[in-house]
Amino acid sequence: MPDPAARPTAPVTVAVVSWNTRDLLARCLESFAPEVRSGRVELWVVDNASDDGSADLVRDRFEWAHLVASRENLGFGRAVNLVASRTSSEWIAAANADIAVRAGAIEALLDTGARDPRAGAIAPRLVVPDGSTQHSVFAFPTVPYALVLATGAYRLSPALGDRLAIPGYWDGERARRVPWAVAAFLLVRRTAWDAVGGFDERQWMYAEDLELGWRLRDAGWATRYDPRAIVDHVGAASTVQLFGRDPAPAWQRSTYGVIARRRGATRTWAVAVLNLAGALARWALAGARAGRDPNADGERRRELWRWALVHLRALRGRRALERLT
């Protein structure tokens, strides 16, 4: 492969953040090799002190990738910020090591960005191993949104569920502007990135994409979703090692920290109370159904109770909330 330094600056800098996912990292980098050869992508890997040989893999098999072998786990946002500070491409892409881009994905995202100059971030369709589309677009966790979720009002209007990007009601086949998108792979326009200052490094893991999307929106930038651009995503390959088989509660706790810093403690408590009420109502309903059917699986109730506890624990003081990362 030609030396990337001998070519003009690629339009996209991809920052792959790696932690103990060696085999998936290899798959990820192999998927980007054609994009590097084409000159569309300059690829960086920030390895967060893995102990599985990930950094050696990059050195030995992917010499065309820029490697930052950190001696500490920087987290996701800080690692991407580091790459952004060392590069100057038109676009910066945050990437998990457990993704793989399909042919044409980068071109489709760039085309979308060219068509919508106020789009600060462009999100692809994420496809999970069973071939389905991952729900990767969400509304901001505001009080009205929490009220809609808690009451189930979205069930009365499919259009409302789609507009609010509620799981099970969102149409993943339609390209559009969206509130915000997860950053398993997310292309961000450099001018927008610089305008808002990149990721908030207080978010060590989880909800950094929500926080970035919120600041982009507040600064007048949009986020777009383009299902033509397909990126395969295993999902939670690193985080299950930290948080167990269900890392979602850790993401929710981080979300409450973001809400507290962006909107204050009062609104955070309001969102938590509504979420708690909704979780308890669903827990009670599941219990009633289980009472009528002795063979009903109790796992759903246990899951809902765990979520209720997550929301209950968000009812704490402002300083404690703001430390949730």
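Helices here are DSSP runs of H or I with at least four residues, numbered from the N terminus. That numbering is handy for a walk through this structure, which is a predicted model.

Start with the empty space inside. The count comes to one cavity of 30 Å³ or more, and its volume is about 40 Å³. Helix 8 gives the largest share of the lining, four residues. Helix 8 covers 208-218, and strand 9, at 180-181, also supplies at least two lining residues. The full list of residues around the cavity runs Ala121, Trp180, Ala181, Leu186, Asp209, Leu212, Gly213, Leu216 and Thr223. Sorted by class, that makes six nonpolar, two polar and one charged.

Next come the charged side chains, which form 20 salt bridges. One of these joins Arg22 and Asp23, with N and O 3.9 Å apart. Arg22 is partly exposed, at 33% relative accessible area, whereas Asp23 counts as exposed, at 61%.

Another salt bridge brings Glu30 and Arg61 together at 2.6 Å, N to O. Glu30 sits in helix 1 (residues 22-38) and Arg61 in helix 2 (residues 54-61), so this pair ties together parts that are 31 residues apart in sequence. Both ends of the pair are partly exposed: Glu30 has a relative accessible area of 43%, and Arg61 has 44%.

Asp116 and Arg177 make a further salt bridge, with their closest N and O atoms 2.9 Å apart. Here the link is between distant parts of the chain, 61 residues apart: Asp116 is in the loop between helix 4 (105-115) and strand 6 (119-127), while Arg177 belongs to strand 8 (residues 176-178). The two ends also differ in how they are covered, since Asp116 counts as buried at 8% relative accessibility, but Arg177 is partly exposed at 45%. Elsewhere, Asp111, Arg115, Asp226 and Arg228 are joined into one network by salt bridges that share partners.

Finally, there is a charged residue without such a partner. Arg261, in helix 10 (residues 248-263), is buried yet has no salt bridge. Why does Arg261 have no salt bridge, with Asp200 as the nearest side chain of opposite charge? Asp200 is 4.2 Å away, and a salt bridge needs a side-chain nitrogen within 4 Å of a carboxyl oxygen, so the pair does not count. Asp200 is still among the contacts of Arg261 once neighbours within four places in sequence are set aside; the others are Arg202, Gln203, Glu322, Leu324 and Thr325.

Methods
Residues numbered from 1 in each chain as written. Predicted model: local features only at pLDDT ≥ 70, side-chain atom pairs only at ≥ 80, totals over all residues. Heavy atoms only, no water. 1 Å grid on protein atoms, 1.4 Å probe; cavity = no way out; pocket = protein on both sides within 12 Å on 5 of 7 lines; lining within 4 Å. Points joined across faces, edges and corners; volume = space filled by probe spheres on them. Nonpolar A, V, L, I, M, F, W, Y, C, P; charged D, E, K, R; others polar. Buried < 20%, exposed > 50% of the residue type's maximum accessible area, 1.4 Å probe, protein only. Lys, Arg positive; Asp, Glu negative; His and termini not counted. Contact = heavy atoms within 4.5 Å.
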